[in-house]
Amino acid sequence: MLDASSHPFDRLPNTPGVGYKPQHFSDLLENPGSVGWLEIHAENYMGDGGRPIAQLRHLSERFAMSVHGVGLSIGGEGRLDPDHLARLKNLVGWLKPASFSEHLAWSTHDTEFLNDLLPLPYTDETLTRVADHIDEVQEVVGRRMLLENPSSYLAFDESTYEETDFLREIAKRTGCGLLLDVNNVFVSATNLGTDTISYIDAFPMDLVGEIHLAGHDEDHDDHGRPLLIDSHGREVAEPVWALYDYVIKAAGPRPSLIEWDNDVPDWPILEAEAARAARILETVG
Amino acid sequence: MIVDQTTFRAALLSPEAERPIGLSDGEGQPAGRRFDVYRNNVAVSLTEALETAFPVIRKLVGETNFKLLAGAFLRQHPPSSPLMMFYGAEMPRFLAAFEPTKSLGYLPDVARLELAIRESYHAADAAPIEPTALQTTPPDKLMASTLSLAPALRLVRSPWPVFALWQFNMAGGPKPEANAEDVLVVRTEYDPEPVLLPPGGGAFIETLLSGAALSEAISAASRDAQDFDLSHLLTILIGRNAITAIGESP
């Protein structure tokens with residue numbers, strides 16, 4: 001674990017944040033409302049320069065930043081891509097974000113990047129592999145990371161761990177923290193017929209450094225059962241707000257991100273989502 | 001039944017392939033079309049990345065055809081890096097060989113221009129020389145010097161009217177006529193701008209980019225176009241922060 005430094009943004013505040021979209025640059029500087037910090041997808045800021053990097057430098061003087069990777073493939077069977085690890089180290093090195101997180105998922109096979117967060121079974125073998133990869137990431141990047149719970153559309157027959165036990169054990173072996181995506185909890189529980197409250201009650205809350213909230217789409221499987229899709233393209237659903245309220249009352253305030261990546265709305269709509277999270281956070285102030 | 005990632009991946013990019021056995025709905029039934037969520041995510045997200053990269057190609061072939069083209073492209077050329085900002089570099093070659101587009105000879109060069117604009121957007125920043133630096137360098141010395149051009153500068157030379165096609169589709173320009181066009185992509189600050197080069201301009205920039213001295217670039221340009229106008233070219237470059245150093249010829 002890292003010591004607090006003199007950098008003013010060495011940790012995310014227990015306020016709402018939003019996933020940064022370039023169309024909101026001016027709004028964020030002029031009227032951030034309840035938004036206290038920003039998250040970026042690491043891979044969008046790995047170019048050599050130009051506007052993306054310039055905007056990021058500017059915003060990081062005003063807001064605490066979270067770097068959220070979507071391309072490291074920590075759950076992949078192959079070795080981590082050393083070039084990508086080096087790019088991540090470089091970004092985290094100059095930006096000095098308050099937080100760095102990645103997913104319990106895979107996206108690269110051999111040299112092929114599939115641009116989706118693909119699922120893995122929960123077994124002794126995958127646990128060792130993920131833990132080894134996280135050790136390597138934390139070693140190379142030089143800081144502790146948070147690992148995010150996935151949204152699941154299916155289950156692996158070969159799994160022998162509950163997801164909460166799997167995450168707890170990875171954190172124990174590697175010293176990493178966890179990112180609790182409350183929408184993912186709701187999506188997975190609905191899709192796999194499990195209980196959200198039992199999942200939250202079993203989740204190691206003391207390790208949670210950040211919470212994610214997002215909207216989902218509704219579909220159905222072959223048997224007419226609900227199949228929720230983690231689409232990040234609309235407002236957070238009512239039952240997810242209710243679950244978030246439960247999490248915050250159980251765990252206390254945490255940095256809470258509104259993710260809205262597709263059909264991105266005008267600033268007032270996104271800010272209203274953040275304001276709603278702020279009201280829930282204030283109930284446990 | 002163990003589903004390894006090779007099996008998962010094989011079924012992911014082939015819609016006609018059997019879904020892997022060993023995946024369920026969490027309540028004992030086979031996963032069925034739940035697996036297709038991943039198939040759909042991969043195909044849709046990569047198609048969107050290509051739509052973002054190639055807006056002019058999309059307009060030229062139409063939205064429906066572009067989706068078909070993207071579907072074929074992403075199966076033939078899945079990304080080799082997590083940086084979606086660089087996905088699609090093989091598009092010019094693909095368009096030249098793809099049966100439905102191979103008779104449209106100008107498409108690959110339009111794709112090259114679109115790639116050049118995107119590369120320029122993400123290229124490194126670099127401070128330009130003082131606007132007066134060319135005048136204050138003694139002429140003999142200047143002629144023997146090399147000019148370093150900004151990392152965000154790109155040159156696209158084409159036997160097709162690529163600039164006119166770009167302008168017609170993106171900026172409401174006039175209908176393209178059948179001319180060969182050399183296009184310079186420059187980034188004065190953060191927005192890449194395609195500029196149609198005057199006669200000789202393509203040869204001039206190409207020679208400068210090779211690291212040759214200014215005098216050699218002028219000779220190459222004059223061979224290409226007798227009415228080559230050096231001061232016009234230098235005005236284009238200086239006005240758009242595109243010269244970053246005056247160097248000694250090797």
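The residues lining the largest cavity of this predicted model divide into five nonpolar, four polar and one charged. Here Ala, Val, Leu, Ile, Met, Phe, Trp, Tyr, Cys and Pro count as nonpolar, Asp, Glu, Lys and Arg as charged, and the others, Gly among them, as polar. The lining is made up of A:Val70, A:Gly71, A:Leu72, A:Ser73, A:Glu102, A:His103, A:Ala105, A:Trp106, A:Ser107 and A:Leu117. A cavity is a set of points, on a 1 Å grid over the protein atoms alone, where a 1.4 Å probe fits but cannot get out, and lining residues have an atom within 4 Å of a point. The search of the whole structure finds one cavity of 30 Å³ or more, and the largest holds about 30 Å³ of space. That volume is the space filled by probe spheres set on the points, with grid points joined across faces, edges and corners.

Residues are numbered from 1 along each chain as its sequence is written, and chains are lettered from A and ligands numbered from 1 in the order in which they are written. Local features need pLDDT of at least 70 and side-chain atom pairs count only at pLDDT 80 or more, while totals for chains, interfaces and linings use all residues; side-chain values use heavy atoms, with hydrogens and water left out.

Two strands of chain A, β4 (99–103) and β5 (106–109), each supply at least two residues of the cavity lining. Strands (E, at least two residues) and helices (H or I, at least four) are DSSP runs, numbered from the N terminus. In β4(A), five of five residues are buried, that is, under 20% relative accessible area with a 1.4 Å probe and protein chains only. A:Ser99, A:Ser101 and A:His103 point one way from this strand, and A:Phe100 and A:Glu102 the other way.

A:Ser73, another lining residue, is found in the loop between β3 (64–68) and α3 (82–95) of chain A. A:Ser73 counts as buried because its relative accessibility is 7%. Beyond its neighbours within four places in sequence, A:Ser73 is in contact (heavy atoms within 4.5 Å) with A:Leu80, A:Ala105, A:Trp106, A:Ser107, A:Thr108 and A:His133. Its C-alpha atom is separated by 9.9 Å from that of A:Asn115, 42 residues apart along the chain. Most residues other than glycine have a negative phi. A:Ser73, however, has a positive phi near 60°, and A:His232 has a positive phi of about 55°. A:His232 sits in the loop between β12 (226–229) and α8 of chain A and is buried, with a relative accessible area of 11%.

The strand β4(A) also belongs to a closed barrel of eight strands, which runs β1-β2-β3-β4-β7-β9-β10-β13 in chain A with parallel pairing. Neighbouring strands of this sheet are turned by 30° against each other on average, direction ignored. Two strands pair if DSSP finds at least two bridges between them. Three bridges join β3(A) to β4(A), with A:Ser66 opposite A:Ser99. Further round, four bridges join β9 (residues 177–181) to β10 (residues 208–214) of chain A, and A:Asp181 stands opposite A:His212.

Helix α8 (residues 238–251) of chain A lies across β9, β10 and β13 (256–259), running at about 165° to β10(A). Such angles run from 0 to 180 degrees between N-to-C directions, with axes fitted to C-alpha atoms, for helices over the stretch in contact. In another helix of chain A, α4 (residues 124–141), lies A:Gln138, which is buried at 13% relative accessibility. Not counting residues up to four places away in sequence, A:Gln138 touches A:Arg143, A:Arg144, A:Met145, A:Thr174, A:Gly175 and A:Cys176.

Chain B contains an open sheet of three strands in the order β3-β4-β5, with antiparallel pairing. Strands β3 and β5 of chain B stand at the edges, each with a single partner strand, so one side of each is left without a neighbour in the sheet. Neighbouring strands of this sheet are turned by 20° against each other on average, direction ignored. Five bridges join β3(B) and β4(B), and B:Arg154 stands opposite B:Val185.

Helix α9(B) lies across all three of β3, β4 and β5 of chain B, running at about 60° to β4(B). The buried residues of this helix (residues 162–170) are B:Val162, B:Phe163, B:Ala164, B:Leu165, B:Trp166 and B:Asn169. Their cover includes α3 (55–61), α6 (107–122), β3 (154–158), β4 (181–187) and β5 (192–196) of chain B. Just after α9(B), B:Gly172 takes a positive phi of about 65°.

Methods:
On a 1 Å grid over the protein atoms alone, a cavity is a set of points where a 1.4 Å probe fits but cannot get out, and a pocket is an open set with protein on both sides within 12 Å along at least five of seven lines; lining residues have an atom within 4 Å of a point. Buried means under 20% relative accessible area, exposed over 50%, partly exposed in between (1.4 Å probe, protein chains only).
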